[in-house]
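Biologist: I have a free hour for this one, so please put the sequence and the model up and take my questions as they come.

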Amino acid sequence: MRDAIVLENVSKVYSLSYTTTGVKNFLTHLPAYIKKMRKRRFWALKDISLTVHRGEAFGITGRNGAGKSTLLCLIAGVMKPTTGDIRIEGRVAPLLELGAGFHPELTGRENIILNGVLLGMTRREIKKKLPEIIAFSELEEFIDQPIRTYSSGMLARLGFSVAVHIDPEILLIDEILAVGDTQFQKKCLDRMLTFKKNGSTIVHVSHNIPQIKMLCDRVALIDGGRLREIKMAEEL
Ligand SMILES: Nc1ncnc2c1ncn2[C@@H]1O[C@H](COP(=O)(O)OP(=O)(O)OP(=O)(O)O)[C@@H](O)[C@H]1O
Ligand SMILES: [Mg+2]
């Protein structure tokens, strides 16, 4: 079995911004503040090593702030790890947290095109698939409105519809299903199961254990930026 995603000792540090107690105070204590700012580094992920096999559906779960989205962004290549190595084999369609990659002033239709281009489709491919993408989203009525007017569920529909229509070899999904209504969640799950059957690799971040069990083969539990364990999904 070939591997789709290999992470070796991956860590990610964020620099935290520092709030001061007023400009005057800030200026008089400038050297001290600079020292403090340098220290305000936060290890969102520490020493994560894992392998996702080709054709596997891999779940990631853990508490809020555990580092799941950070991990997915690293796999998507949106950010670089501070240390460690990431190897990806295959065309990736990341479906990150809501609104990532969307432009609020553009319409739904324009955002589909923008996203498609960002995800590596050619304009021709997108034009051809546009009707299908819009139909899957069920947003026909609103598709020429700027997406700042969309609800979070509508944005999720748009994002999911684009991602599944670029024929990804690796599909990354962050929580997005949580905001969809029941009917759309079911439609998305069905679509992901079809992907899996056709041999795509899926990484699915979720708090929804039944959903993970239904879709995933293995699940990683992330806790405080560390990989606590990897279990078979049925053992959850
Ligand atoms: N851009 C950033 N700058 C600084 N800290 C960040 C940044 N993004 C995330 N963090 C911090 O990194 C940690 C992990 O965040 P992350 O979004 O990966 O968590 P998560 O597991 O996806 O949480 P949730 O379940 O709430 O989506 C959190 O403590 C968060 O505050
Ligand atoms: Mg998250």
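Biologist: Which residue stands opposite Val203 in E7?

Modeller: Phe58 is the residue that faces Val203 of E7, where strands, such as E7, and helices are DSSP runs numbered from the N terminus, with at least two residues (E) for a strand and at least four (H or I) for a helix. Before we go on, this is a predicted model, in which local features need pLDDT of at least 70 and side-chain atom pairs count only at pLDDT 80 or more, while totals for chains, interfaces and linings use all residues. Residues are numbered from 1 along each chain as its sequence is written, and chains are lettered from A and ligands numbered from 1 in the order in which they are written.

Biologist: And how many bridges join E3 to E7?

Modeller: Strand E3, residues 57-61, is joined to E7 by four bridges, and the two strands run parallel; strands count as paired here if DSSP finds at least two bridges between them. Val203 of E7 is also the bridge partner of Leu172.

Biologist: How does E7 connect to E6?

Modeller: E6 and E7 (residues 201-205) run parallel and are joined by five bridges, with Asp174 opposite Val205 in E7. E6, helix H7 (residues 182-197) and E7 together form a right-handed β-α-β unit, right-handed in the sense that, with the strands pointing away from the viewer, the path from the first strand over the helix to the second runs clockwise.

Biologist: What pairs with E6 from E5?

Modeller: Strand E5, residues 92-95, runs parallel to E6 with four bridges between them, and Ala93 is the residue opposite Leu171 in E6.

Biologist: Is E6 buried or exposed?

Modeller: Five of the five residues of E6 (residues 170-174) are buried, so the strand is largely enclosed by the rest of the structure. Buried means that 20 or more other C-beta atoms, placed from the backbone, lie within 10 Å of a residue's own, exposed means 12 or fewer, and partly exposed is in between. Ile170, Leu172 and Asp174 point one way from E6, whereas Leu171 and Ile173 point the other way, and all are buried.

Biologist: Which way do the residues of E7 point?

Modeller: Thr201, Val203 and Val205 point one way, Ile202 and His204 the other, and all of these are buried. With five of its five residues buried, E7 is therefore largely enclosed by the rest of the structure as well.

Biologist: Let's switch to the ligand. What surrounds ligand 1?

Modeller: The shell, taken as residues whose C-beta atom, placed from the backbone, lies within 6 Å of the molecule, includes Tyr14, Phe42, Asn64, Lys68, Ser69 and Thr70. It divides into five nonpolar, six polar and one charged residue, where Ala, Val, Leu, Ile, Met, Phe, Trp, Tyr, Cys and Pro count as nonpolar, Asp, Glu, Lys and Arg as charged, and the others, Gly among them, as polar.

Biologist: Which element gives the most to that shell?

Modeller: H3 does, with three residues; strand E2 (41-53) and helix H3 (68-76) each supply at least two.

Biologist: Any odd backbone angles to check?

Modeller: Asn9, in strand E1 (residues 3-15), has a positive phi of about 50 degrees although it is not a glycine. Most residues other than glycine have a negative phi. Asn9 is exposed, with 12 other C-beta atoms within 10 Å. Asp47, which lies in strand E2, has a positive phi near 55 degrees, and with 15 C-beta neighbours inside 10 Å it counts as partly exposed.

Biologist: Back to H7, then. What is Leu189 in contact with?

Modeller: Leaving aside neighbours within four places in sequence, Leu189 contacts Gln211, Met214 and Leu215, a contact being two C-beta atoms, placed from the backbone, within 7 Å. Leu189 sits in helix H7 and is partly exposed, with 16 other C-beta atoms within 10 Å.

Biologist: Last one: where is confidence lowest?

Modeller: Helix H2 (residues 30-39) is lowest, at a mean of 73, and strand E8 (residues 218-223) highest, at 98. The protein chain has a mean pLDDT of 89, with 94% of its residues at 70 or more; pLDDT is the predictor's confidence in each residue, from 0 to 100.
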